[in-house]
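Subject: Structure for your review

Dear colleague,

Please find below the structure that I am handing over to you. I would be grateful if you could read the notes beneath it with the model open.

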Amino acid sequence: MDYWYDPLDANESILSFGDITGKVQAIAFTAALISLFERPASACEDGEATMTINWAELLSGCHKCCHILEHKLHQGDWVRQVTYNASLDAIISSTTSNTKSVVLAWREKSKKHLHMTSFNIAQGIHAFDYHSRLNLIATAGINNKVCLWNPYVVSKPVGVLWGHSASVIAIQFFVERKQLFSFSQDKVLRLWDIQHQLSIQRIACSFPESQDFRCLFHFDEAHGRLFISFNNRLALLAMKSDASKRVKSHEKAVTCVLYNSILKQVISSDTGSTVSFWMIDTGQKIKQFTGCHGNAEISTMALDANATRLLTGSTDGTVKIWDFNGYCHHTLNVGQDGAVDISQILILKKTILVTGWERAITVFRPQNFNQFFIQPEEWKGGIQHHHDILCAAFLPPQTVVTGSYDGEIVLWNSSTESAHHVLHPDYQRLLKSKLDTKPQKLLSAGRSHSTHPVADQSTMGVRNFEIDTEGKNAVMRLCFLKVRKNTAVTGGANLVSCGGSGYVRFWDIYKKQLLAEFLAHSGAGTIIMSTDKMNRYLTTGDLDGWLKIWNIEEYCLNSSKNKITKAPTLIRSFQPHEDRISSLEMCELGGQLLIISSSADCSICVTGVCNAPVWIFGQAKHWHIENYLFLPKRDTNLVESDIQKEISLFSKEESCLDPTEHSLLNKKNKDDSTYNVRPSEDINLGIKYKERSTYMKETQKPYYGEVIKKSFSAFRSLSIGVLEELPEVNKPAFLLDPEKYFRKEPEEEHPQIPEAPSLFENSSEVYVSQVMQKVFFEINEDGSEAATSTGIHIPVIMSLAQNQFVANHPFLFIMKHNPTESILFMGRVTNPDTQEIKGRDLDSL
């Protein structure tokens, strides 16, 4: 049995199945999302939910939302596999018979009739698979062979893969790599290269000995996992990416990354409980702490307000406070009743809040740190989440928000430690006390929901669990837009959340309103994000290693009755990692905005906002990041006349990547919002737009009117100034004295020869011995002029066969100036028999 649906319109779907009598049948649905079948008129509204559909009813056509397709071409043989393929628009089925082993039932234009073709394969097959890009059907033969077939050629296979010593019972394509998996009766798995038709890997699976077993075979290409079932056993083979050539920053997957702006260092941690320190301007590792939490994974880190202490949180349920010499001052015990997975450490003025995969907030108060081991204190607000808390954020002076797995965002007062509101994409509710869970109508722009009924705490939890059991609304990161300080008066978004299903949401926490929601990463699952201190750019990362940079400076600045679904301007999208991005950090160095990312592929990368190079911490050659800081670029809001060209200086010798990986800052179209950060002293947010434009013009003038002394390109200095007055321009010598350059060859003394016969009397003995051409080109402010004159010398002597040229075939001709060996003209004749040349016949030339 097989079920297929159109990914663009799930209403269009096909359920196909075969039976032991050789019959293949399919039900084609046209409104699958609404109803597979029409409800009988005799059915009562309060009747049973189960509805029985007779096959005779379907054949009669009384159900308008579906129709039946069937054939009996297998003639009584047991149908072992059946599937519908959309690219072929055909139902493919197979049996173990050697006649009509594979049948393709093509749907005709009416979509209600089938046209059949069949393949006869010796001894039959167990299974098949189809590769739409290669247009190949692979069959798992009982005769130990894997055959490759063109769906339109039934006479013989286009390829045969030899290697199995037993019947092949399962087969599946590795679509992206154009490879093929096959599994045989003797429990041997092979991986084939389709192009070369060779076995590139053989794996003997350690299943118990058994003559009678049933095997199921499935390859999850998205995650590189192969599942093989053997009776009641299941084998999982996970593919590892070939990371041998890729630079590794850590030996194990990197879990968190921080930036210390005072020391200009990047701090990273991994699953092996190692913390490393890197210089951001060169990429050099300066120190490393190992075994910080024993063998437990470090899941998160944080810096204190003065950036002099490092806090590390681990899966062993503890938070440790370190100095930068590797000395641990305190151990905070978060998991009193057992280990917890700590997701975030939030440091406030007087408290340290720790969240993890549990519903409670754990609080520590530094003024009470008088011992090495510190126990948590009571959080007065109690438990307000129904699912595990995944993240938190703080907005001075006293607003804390926490996000959970079910998509709820709880707003807290950090001074009173009490919760006062809950936000969710589908609803919002006011919290008056610990037991108050009365939901209210969502104040989300563009949505209309009725008020939820009053429910107690347990009912509310069950309702949320039923709605989002897969974490589609899970809040993985929360970021306050702290620069937008007047949103309480003017409206607009001041909180950003992201997480499940790849969505990013913008909230107004004062009006308790969802202002915007857009899909940042389609089909990528959960995502994480980070923003810069000026809240102009938002960086998002997904499970596949992709990063996207968005311009949010002008996004959701005002309140709106309708929810915004249009995404902000996308500045850059690229894939610096091969695996899940675990942490993001945006920082500023020397006026240049940088993005630091860590990944489960063991690497840490740093790059710029625009198409800047990507550096990997741990690479063999260190970089000098100040050499790659671009000159400031004009504000994109300036008028066209004020925009000047940008100069980027790069050193090929000092490039940290290969030429193929080294991407310069490309020129963009007007629609592309490229970005170059101005030096910090040039940024003045207090002046108005007109004044700012004038200010920018003045501050950027020196970059275009003086010698740039420090240059790392092949040109050691670049001078741009006003052109001096041009001197008098004279004509070239060959125009003043053309005879000097185009005079004829000196005539040699030849013996007197008899008068030449007529050219028409004996044309076979006449040939051209010399061609002279006089050519000159003149180019000035009025345009260009070219002139030429040609003469030929035809002596009357007996022609020799080796010098004879018959122009009855395509040929090339070249005019060369012999004294200088310069080619003056070059041409090609492709059809010498042509009688018309620009409207004139040959006799008139």
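The notes below cover one sheet, one peptide bond and two loop residues.

This is a predicted model, in which local features need pLDDT of at least 70, side-chain atom pairs count only at pLDDT 80 or more, and totals for chains, interfaces and linings use all residues. Residues are numbered from 1 along each chain as its sequence is written, and side-chain values use heavy atoms, with hydrogens and water left out.

Strands here are DSSP runs of E with at least two residues, numbered from the N terminus; two strands pair if DSSP finds at least two bridges between them. An open sheet of four strands follows the order β46-β47-β48-β49, and its pairing is antiparallel. Its edge strands, each pairing on one side only, are β46 (581-589) and β49 (615-616). Strand β48 (residues 604-608) is joined to β49 by two bridges; Val 606 has Trp 615 in β49 as its bridge partner.

Most residues other than glycine have a negative phi, and most peptide bonds are trans. Pro 396 and Pro 397, however, are joined by a cis peptide bond with omega of about 10 degrees. Pro 397 lies in the loop between β32 (389-395) and β33 (399-404).

Asp 89 has a positive phi, near 55 degrees, and sits in the loop between β5 (81-85) and β6 (90-94). With a relative accessible area of 16%, Asp 89 is buried (under 20%; exposed is over 50%, and partly exposed in between, with a 1.4 Å probe and protein chains only). Gln 197 also has a positive phi, near 55 degrees, in the loop between β15 (188-193) and β16 (198-204). Gln 197 is partly exposed, at 32%.

Yours sincerely
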